Amino acid sequence: MHELAFQSHRGDAGPTTWGQREQWETVLANRPHDHRFNEPFLYSLPRSLPLSRVLASLGALVERHEGLRTAFLPDGDGDGDGSLRQAVVREGSVRVPVVEAGTRSGLAEARELMREASSRGFVAGPEFHARLALVVQHGRPRWLTGALSHLVIDRTSMRILERDFRALLDGADSRHLPPITHQPLDQAAAEQSPQGQARLETTLRRWRSGFESAPRSLFRTTVDNSPQPGFPAVELYAKGLGTRAQSIATKLNVRPSAVFVAAGAAALAWVQRLDRFGMIMTCSNRKDPRTKDHVGPLAQQGLVPVETGTSFYDMVTRIWPALLLTYRTSSYDLSALDAMFPDVTEECGTSVDHFVNFMGYDEPLPYDARVARLADGESVCERVAPVPSTRLRFGLFLDSDGDTVRGRMFGNGRYVDAETMHAVLCGVNDLLLTAANGDVDWPVDAAFTRFTRGRG
């Protein structure tokens, strides 16, 4: 065990950010399964580096990014099941287990350390919401692993941490890295400022306007009224679908995200026989230049109006500008948003009752045996292990490495069953396969060739 000492220029306490509060609400709503919201990581380290260099780089990283040395404490006399305050520690240490590899590569030990770090939820209290561990072989570091809480990172934050850590390993002097002037404490102060509160009021008005003009919930309680609903999940892998989506994007002069989101929206509309609805999309909230190097959960949900239009290409070109404006509704205090829609909140626990997300990758998706067997244009879509719990009616996630597309949909069985999820994901695949060869008129029944059931 190594005690990684750090000393930085600031230590302070203050209110949590809106993003942190929303993540904490998710944690509380999913206990005792909240550990699944940890973000595990596993990085291979250059063989030539001494342990002292890696530990020094880690220490500099902790000093640079306040979230890595932040504890979340109950606000007032609470027990940690209510509101929190963030407490940034200026000087102290982080415990870093150092394990000697017993296998040839040390990968097995690293994976076990990652599993152990991510299998426990983070709680309110003095513990930092970052768990780090090193695997060494003959004294030389081989792997950095552990898990981080989503109260301190989002996906963009992980990329920033990796970028800075790699730079420090390569010999960059932490004093010469660009200073970070906007940390989570600064974000919270900006949100609580008069300007931040004015922006919140504008955001809330836009949510109300959006919900008044379109159905606010795509799936009603019609499937299963049992007191203990299941939470089914379905996954899609489609070889070559990313290439086809890119060809559509190029033809229409939009980003691939617009094509994937439009396909997801079209499949949801087809299943529910809707021509207009409000789709809730995850937005990174990184438009403010100050957040370029910010490590913290800025990503929240924005409301995207969906109209099916006259064809799929028409739908893509409608959704693209709407995506560019998602930021206008994606930064909010969840409690204020819930207070606007008490009927929705009373029914499903939060006004944000579903997420749709697309993420593009610069490297291949993780290996999956199902994908290895697929030829170009082939896909597999099947039910997988259910999620332990969710506060959402459903979540729909699409990502691509430019060639293979991975889709995942999960939800509360009281609102949407596995058969309907299967229909949505198959619909995304079939629509993009068809649309890549030419436009598809609306209604799109002819494009969804493999599934005709499951429509509400």
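The following paragraphs describe the enclosed and open spaces of this predicted model, then one buried serine and the cysteines.

Because the model is predicted, local features need pLDDT of at least 70 and side-chain atom pairs count only at pLDDT 80 or more, whereas totals for chains, interfaces and linings use all residues. Residues are numbered from 1 along each chain as its sequence is written, and side-chain values use heavy atoms, with hydrogens and water left out.

The structure holds two cavities of 30 Å³ or more. On a 1 Å grid over the protein atoms alone, a cavity is a set of points where a 1.4 Å probe fits but cannot get out, and a pocket is an open set with protein on both sides within 12 Å along at least five of seven lines; lining residues have an atom within 4 Å of a point. Grid points are joined across faces, edges and corners, and a volume is the space filled by probe spheres set on the points.

The largest cavity has a volume of about 150 Å³. Its lining comprises 14 residues, and F41, L61, L132, L144 and L161 are the closest to its centre. Helix α4 (155-169) is among the elements that supply at least two lining residues, and α4 gives the most, with four. Helices (H or I, at least four residues) and strands (E, at least two) are DSSP runs, numbered from the N terminus. This lining divides into 13 nonpolar, no polar and one charged residues; Ala, Val, Leu, Ile, Met, Phe, Trp, Tyr, Cys and Pro count as nonpolar, Asp, Glu, Lys and Arg as charged, and the others, Gly among them, as polar.

The second largest cavity holds about 60 Å³, and its lining includes W24, D34 and H129. By class, that lining has five nonpolar, five polar and one charged residues.

The second largest pocket offers about 520 Å³ of space. Among its 26 lining residues, R199, N285, D288, Y327 and S331 lie nearest the centre. Six are nonpolar, 12 polar and eight charged.

S8 lies in the loop between β1 (2-7) and β2 (12-15). S8 is buried (under 20% relative accessible area, 1.4 Å probe, protein chains only), at 11%. A polar atom of the S8 side chain is 3.3 Å from the backbone oxygen of E63.

The count of disulfides (cysteine sulfur atoms within 2.5 Å) is zero. The sulfur of C381 is 3.8 Å from the closest cysteine sulfur, in C426, and is therefore too far for a bond. C381 is buried at 14% relative accessibility.

How values were computed:
Buried means under 20% relative accessible area, exposed over 50%, partly exposed in between (1.4 Å probe, protein chains only). A polar contact is a pair of N or O atoms within 3.5 Å; within protein, one must be able to donate a hydrogen and the other to accept it, and residues adjacent in sequence count only if both atoms are side-chain atoms.
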